[in-house]
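Visitor: Please take me through one part of this model in close detail. I would like to look at a pocket and its surroundings.

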Amino acid sequence: MAKKYYVVHTYSGFENKVRKSIEERIRQFKLEEQFGEILIPTEQVVEMVKGEKRTSKRKFFPGYILVEMEMGAASWHLVKSTPKVTGFVGGGKTPEDVPAISRGEVERLTSQISEGTLKPKPKVQFETGDSIRVTDGPFSGFNGSVEEVNAEKGRLRVLVSIFGRATPVELDFMQVEKSQ
């Protein structure tokens with residue numbers, strides 16, 4: 001039987017613990033040949049914390065992990081009885097009822113994971129009309145509104161009020177924060 005990827009629902013925030021628990025249980029029950037990779041879909045994001053750029057990982061499907069495995073009674077029971085696992089997505093009550101995800105979907109997710117590692121995304125997304133506050137550079141402390149978003153370059157055209165006049169200024173995503 002070939003290994004396929006299955007989506008496993010976990011408690012949100014416990015994805016890494018669940019992966020470690022499954023890996024330990026695989027070794028404990030000697031089922032290494034029935035399991036492959038265990039993926040947690042994550043990407044790297046950049047944010048400004050206390051004036052410094054900080055890169056961190058963000059899960060883009062919190063509460064879900066992908067497990068490559070041969071579906072059988074023993075492997076199904078091993079994953080299903082792991083602490084903090086609520087079940088397989090698809091809701092099958094027997095191993096035969098659990099649907100695998102397609103190879104194309106897995107490739108799309110793995111490419112999204114590797115793209116996120118190479119090119120970190122900003123943590124906050126901006127839209128035209130958002131109110132922002134400038135946190136860095138010569139306009140630090142000024143408020144404004146987003147006129148144009150260039151997501152590829154990570155830049156914004158912002159209308160900042162200087163001497164009572166709305167003046168367009170181009171800023172980096174890291175130089176602003178959303179305001180209420």
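Guide: What follows is a close look at the second largest pocket, then at some residues and segments elsewhere in the chain. Keep in mind that this is a predicted model.

Start with the layout. The protein chain splits into domain 1 (4–115) and domain 2 (130–178). Their C-alpha centres are 39 Å apart.

Where does the second largest pocket lie? Domain 1 (4–115) and domain 2 (130–178) each contribute residues to its lining, so the pocket lies between them. Its volume is about 210 Å³. Two elements give two or more residues each to this lining: β3 (42–49) and β12 (176–178). The lining has 13 residues in total. Nearest the centre of the pocket are Met-48, Val-124, Phe-173, Val-176 and Glu-177. By class, the lining holds eight nonpolar residues, four charged and one polar.

Now follow strand β3, which contains Thr-42. Is Thr-42 buried or exposed? Its relative accessibility is 16%, and the cut-off for buried is under 20%, so Thr-42 counts as buried. Leaving out residues up to four places away in sequence, Thr-42 touches Lys-57, Arg-58, Lys-59, Phe-60 and Ile-113.

Next, a segment marked by a record. The UniProt annotation "domain: KOW", from an unreviewed entry, covers residues 125–152. Over residues 125–152, strand makes up 43% of the chain and helix 0%. The end C-alpha atoms of this segment are 12 Å apart.

Two loop residues deserve a look for their backbone. Lys-30 sits in the loop between α1 (15–29) and β2 (35–39). Its phi is near 55 degrees, a positive value in a residue other than glycine. Lys-30 has 61% relative accessibility and so counts as exposed, the cut-off being over 50%.

The other is Phe-163. This residue lies in the loop joining β10 (155–162) and β11 (165–172). Phe-163 also has a positive phi, near 50 degrees, and is not a glycine. What is the relative accessible area of Phe-163? The value is 85%, so Phe-163 is exposed.

To return to the pocket: its lining draws on both domain 1 and domain 2, with β3 and β12 each giving two or more residues.

Technical notes: Residues numbered from 1 in each chain as written. Predicted model: local features only at pLDDT ≥ 70, side-chain atom pairs only at ≥ 80, totals over all residues. Heavy atoms only, no water. Domains from an automatic or database assignment. Helix = DSSP H or I, 4+ residues; strand = E, 2+ residues; numbered from the N terminus. Buried < 20%, exposed > 50% of the residue type's maximum accessible area, 1.4 Å probe, protein only. UniProt positions renumbered as here; feature names shortened; annotations may be inferred. 1 Å grid on protein atoms, 1.4 Å probe; cavity = no way out; pocket = protein on both sides within 12 Å on 5 of 7 lines; lining within 4 Å. Points joined across faces, edges and corners; volume = space filled by probe spheres on them. Nonpolar A, V, L, I, M, F, W, Y, C, P; charged D, E, K, R; others polar. Contact = heavy atoms within 4.5 Å.
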